[in-house]
Amino acid sequence: MNRFVVPIILLLLATACGQKTETVNADDVDLIVRCGVMINGLSDEPTRDQLIVVRQERISEILAGNDPSMADAEILDLSEHTCLPGLIDMHVHLDGRPEDADDYTIYLRRTPEDTQQLAEELAGIVLKAGFTTVRNVGTYKAWVARDLRDQIEAGKVEGPRIRIAGPYLTIPHGGGDMYIPGIDDSEIPDYYRMGVARGPDEFRARTQEFVAGGADFIKVIASGAVFGHGGIPGAPEMTFEEIKAVVEVADAAGIKVTAHAHSAESIKDAILAGVSSIEHASLGDDESVALALEHDVAFTMDVYNGTYTEEIGEAHGYAEEFMRKNEETTEAQREVFRKSLDAGVTLLFGTDLGVLPHDMGTRQFAEMVKHGMAPMKAIQSATSAAADHMGVAGDVGAIEVGRYADLIAVRGNPLDDIAELQDIRVVIKGGTIVNRQSEQATTGAHTE
Ligand SMILES: [Zn+2]
């Protein structure tokens, strides 16, 4: 890569006026990205004309300027684009598609190999859609996300960086159990029910197994799922004592617990039992919002998903029960979102990919802004704030020297029009360009 040597030295001479002249060993430069506008995920203000130098997958320098001496260098020229950090979705499922909710017996026809293959395919889709890091908050098939993560880290599969929960911790026939009306539990393979438990002792034992299995965090289903047969979102499933037993084991292992909870009572139980984040939080009340603030518990709310389910559910043949529960939780959740935002609760980007098609995650940004969030805060909820919560801020979540060169780019400025994030043109993970829309292919999507 010697061709980079001259331009970099020129650039530093030009931009480091008055300071000591540095020479850069450019032999190991993987990529230089020129950004017209840069939103780095940390600052509330964007900057113009930045050059990002990537070495060994990480950002080694960020240089101000748009030096003409760079014009002939081999760089990725995004001077007509806005660069942002690779996005983080805190609520992803990589072992199923929305259509699976048409009829859960598909899980009985899928072999473990089929599921692994599906997960690999979905991982590629999620990455190309701009999410370079995800928190996989559970799979029905135990440990499929862990195996997928290992394949990605080994370079055998293309996908995002993944943090994994163990299997869903849930009560029998609760929101995380593979319960299918008309099918006896004995016909469901064991690997779909590894986190089913009742009583604090059983939940403690399951959690210990998941910690031993290498879970990065633990997920509990505190109260009923919209897409689960039989449960009622507004009714608690796990008890306070059961959630507390899980948290104690996780605490001892130094990992966090996230709770899927719709009902106000479950949200409060989960917060008081010591979880770190709540998913959905659709039917929260003022008291649960105040408790979240007091205990520094974050909410991840899938405020766009309800619209998608409403639009396609009937044509898909979703159960009437799912449609009704979706209706009961969608607008209610948006109200809680607004209240939580006003109260100052930490809101992390968590559109439920799995319920929403895996290439549609960024649609949630517009819904967040529509319900009162400033565009920059919405972006930070999917970048630096999410990375902080997961304890991975040294690696991802911002365009900053030292972190991985995980970047995305859009054509316009999402601070002016957040919907720009629905049209991500470039995705870079660890300095490797994994998706690049050609201008020809996308002409007409936006006119400027
Ligand atoms: Zn989910």
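Helices (H or I, at least four residues) and strands (E, at least two) are taken here as DSSP runs, numbered from the N terminus. With that settled, helix H5 turns out to be followed by Gly-214, whose phi is positive, near 100°. The model is a predicted one, so local features need pLDDT of at least 70 and side-chain atom pairs count only at pLDDT 80 or more, while totals for chains, interfaces and linings use all residues. Residue numbers start from 1 along each chain, as its sequence is written.

H5 itself covers residues 200–212, and its 13 residues should span 18 Å at 1.5 Å a residue (the expected span being 1.5 Å times one less than the number of residues); the end C-alpha atoms sit 18 Å apart, which agrees. Phe-203, Arg-206, Thr-207 and Phe-210 of this helix are buried, meaning that 20 or more other C-beta atoms, placed from the backbone, lie within 10 Å of a residue's own (exposed is 12 or fewer, partly exposed in between). Seen down the axis of H5, the buried residues fall within an arc of 100°, so they line one face of the helix; the arc is that of the directions from the helix axis to the C-beta atoms. An α-helix has 3.6 residues a turn, so residues three or four places apart point the same way. On the other side of H5, Asp-201 and Ala-212 are exposed. The cover over the buried residues of H5 includes S8 and helix H6 (240–253), going by contacts (C-beta atoms, placed from the backbone, within 7 Å).

S8 also belongs to an open sheet of five strands, ordered S8-S9-S10-S11-S12, with parallel pairing; strands pair if DSSP finds at least two bridges between them. Strand S8 (217–221) and strand S12 (347–349) stand at the edges with a single partner strand each, so one side of each lacks a neighbour in the sheet. From one strand to the next, the twist averages 30° (axes are lines fitted to C-alpha atoms, for helices over the stretch in contact, with angles from 0 to 180 degrees between N-to-C directions). Within the sheet, S9 (residues 256–263) and S10 (residues 277–283) are joined in parallel by five bridges, and Ser-263 has Leu-283 in S10 as its bridge partner. Helix H7 (residues 264–273) packs on the sheet against S9 and S10, its direction making about 160° with that of S9.

Elsewhere, strand S6 (residues 131–136) pairs with S7 in the parallel sense over four bridges, with Arg-161 in S7 as the bridge partner of Thr-133.

Terms used. Two residues are in contact if their C-beta atoms, placed from the backbone, lie within 7 Å.
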